[in-house]
Amino acid sequence: MRALILAAGRGSRMQPLSDLTPKPLLPLAHKSLIVWQIERLRNAGVAEFVVNTGWLGAQIPAALGDGSALGVRIVYSEEPEDAYETGGAIATALPLLTSRDHEPFIVVSGDIYTDYDYALLRAAAARIAADPQATTAHFVLTDNPPHHPRGDMALGPDGRVRRLGHRLFNYGNIGVFHPDLFATQPARQAWKLFPWMYAEVDAGRVSGEHFRGVWHNIGTPEQLASLDAELRTRAFHPAVRATPLGLS
C-alpha cells in the first residue's frame, strides 16, 4: 500500500518560520513534522511513499533522500512553488501512486501530528478494492478544531459520510482513495479536493470513521511551540499522559 504525503503548500500562517523552511520540515521534538508522519505510516506497514513538493521544494528531498535512512522508499512529485492544491496534487502524483494491481492509496497531510493508527486504513482499503462501485474513498474525521468549529461533514450510523447530520466533524486530512477517482481529472493544475469530492459523498460512496485521539493541524508558530513543549515534557516524563492540547 502506498501513501501520498502532501508537503507542497506555502504554510502562510506559519510565517516567519516557513519563509526559509518548508512547513513539513519544521522541527517538532527532535523530528520534522513529516518524519513523524513517515514513521507512523511505516510502523503501520506502509513502505512506499510519494511526497509532493512545491514551496522551497528542493529542501524536502535533500532532507529525506530516497527514504532508506527511515526504512522506506520515497519518490517525489514536483510542483511549482504555488502548488496544485490537494486535488491537483493527487491527480499529478497518480502515475507514481498506482501499481499493477491498481490498489487504493492513502493521502495524508505532512503538517499534522496525530497518534492515529494508520494500520486501521488497511481494512478500509480492502473494502474499496473489493467493490469500487460501492465505495471509492474513506475519510478519517475528527472533532472540530477551534479554527473550524462548524465542521465539514457528518457520519451516519451505517458508517457512510454525509454532508448533513445532527453533528458535523472535521475532515482530518487522512483518507484512502481508489485511483479511478482521479484517472480523468486534470493533472498539473490547481484544484481543490472539496467541494469536488462531495459528489462521491452525496452518492453514498464514501465511508468514514470518527477518530477521538490526538490530532493537531499545526498552523501557527505558537501552536508548534506549544506541542513541541508538551512532547519534550512527555519524553522526559513518560508517565505524563498524552492529552489533546486544543490546537487547531
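Which residues are buried in helix 1? I put this to the predicted model before anything else, and found that Leu 33, Ile 34, Val 35, Trp 36, Gln 37, Ile 38, Glu 39 and Leu 41 are buried there. Since eight of the 11 residues of helix 1 are buried, I note the helix as largely enclosed by the rest of the structure. One of these residues, Trp 36, has Lys 31 lying over the face of its ring, at 4.3 Å from the ring centre. I also looked at what comes after the helix, and there I found Gly 45, whose phi is positive, near 100 degrees.

**Entry on the sheet**

I next followed the strands, and I found seven of them forming an open sheet in the order 5-4-1-6-11-8-12, with mixed pairing. Strand 5 (73-78) and strand 12 (206-211) stand at the edges with a single partner strand each, so one side of each is left without a neighbour in the sheet. When I looked up the twist, I found that neighbouring strands of this sheet are turned by 25 degrees against each other on average, with direction ignored.

I then went back to helix 1, residues 33-43, and saw that this helix packs on the sheet, where it touches strand 1 (2-6), strand 4 (48-53), strand 5 and strand 6 (105-109). The direction of helix 1 makes about 165 degrees with that of strand 1. Helix 4, residues 121-130, packs on the sheet as well, touching strand 6, strand 8, strand 11 and strand 12, and its direction makes about 150 degrees with that of strand 8.

**Entry on strand 8 and its partners**

How do strand 8 and strand 11 pair, parallel or antiparallel? I found that strand 8 (residues 137-142) and strand 11 (residues 170-177) pair in the antiparallel sense, over five bridges, and that His 138 stands opposite Val 176 in strand 11. With strand 12, however, strand 8 runs parallel, and six bridges join the two; here Leu 141 stands opposite His 210.

Strand 12 has an edge position in the sheet, and I therefore checked its burial separately. I found six of its six residues buried, with Val 206, Gly 208 and His 210 on one side and Ser 207, Glu 209 and Phe 211 on the other, so that both faces are covered.

**Entry on the nonpolar cores**

I turned to the largest nonpolar core, which holds 31 residues, and noted that Ile 34, Ile 38, Leu 41, Phe 49, Ile 106 and Tyr 118 touch the most other members. The elements that give two or more residues to this core are strand 1, helix 1, strand 4, helix 2 (59-64), strand 6, helix 4 and strand 11, and the largest share, four residues, comes from helix 1.

What does Ile 106 touch, if residues up to four places away in sequence are not counted? I listed Met 1, Arg 2, Ala 3, Leu 4, Leu 41, Val 46, Leu 121, Gly 175 and Val 176. I also recorded a second, separate core of 28 residues, which includes Ile 90, Leu 94, Phe 177 and Met 197.

**Entry on the aromatic rings**

The count of aromatic pairs came to 13. I looked at Phe 182 and Trp 196, whose ring centres are 5.4 Å apart and whose planes are at 45 degrees, so I entered the pair as tilted. Both residues lie in the loop between strand 11 and helix 5 (198-202), and the pair therefore ties together parts that are 14 residues apart in sequence. Phe 182 counts as buried at 1% relative accessibility, whereas Trp 196 is partly exposed, with a relative accessible area of 28%.

Phe 194 and Tyr 198 form another tilted pair, at 5.1 Å centre to centre and with 50 degrees between the planes, and both are buried. Over the face of Tyr 198 I found Arg 163, at 3.9 Å from the ring centre. I then traced the ring pairs onward, and they link Phe 105, Phe 139, Tyr 171, Phe 177, Phe 182, Trp 191, Phe 194, Trp 196 and Tyr 198 into a cluster.

**Entry on Asn 217**

Is Asn 217 buried or exposed? I found Asn 217 in strand 13 (residues 215-217), and its relative accessible area of 14% makes it buried. Asn 217 is 207 residues apart from Arg 10 in sequence, and the two are 15 Å apart in space, C-alpha to C-alpha.

Technical notes:
Residues numbered from 1 in each chain as written. Predicted model: local features only at pLDDT ≥ 70, side-chain atom pairs only at ≥ 80, totals over all residues. Heavy atoms only, no water. Pairing = 2+ DSSP bridges. Axes fitted to C-alpha atoms, helices over the stretch in contact; angles between N-to-C directions. Contact = heavy atoms within 4.5 Å. Phe/Tyr/Trp six-rings, centres within 6.5 Å; stacked < 30°, edge-to-face > 60°. Buried < 20%, exposed > 50% of the residue type's maximum accessible area, 1.4 Å probe, protein only. Lys NZ or Arg CZ within 6 Å of the ring centre and 35° of its normal. Core = buried A, V, L, I, M, F, W, Y, C linked by side-chain atoms within 4.5 Å.
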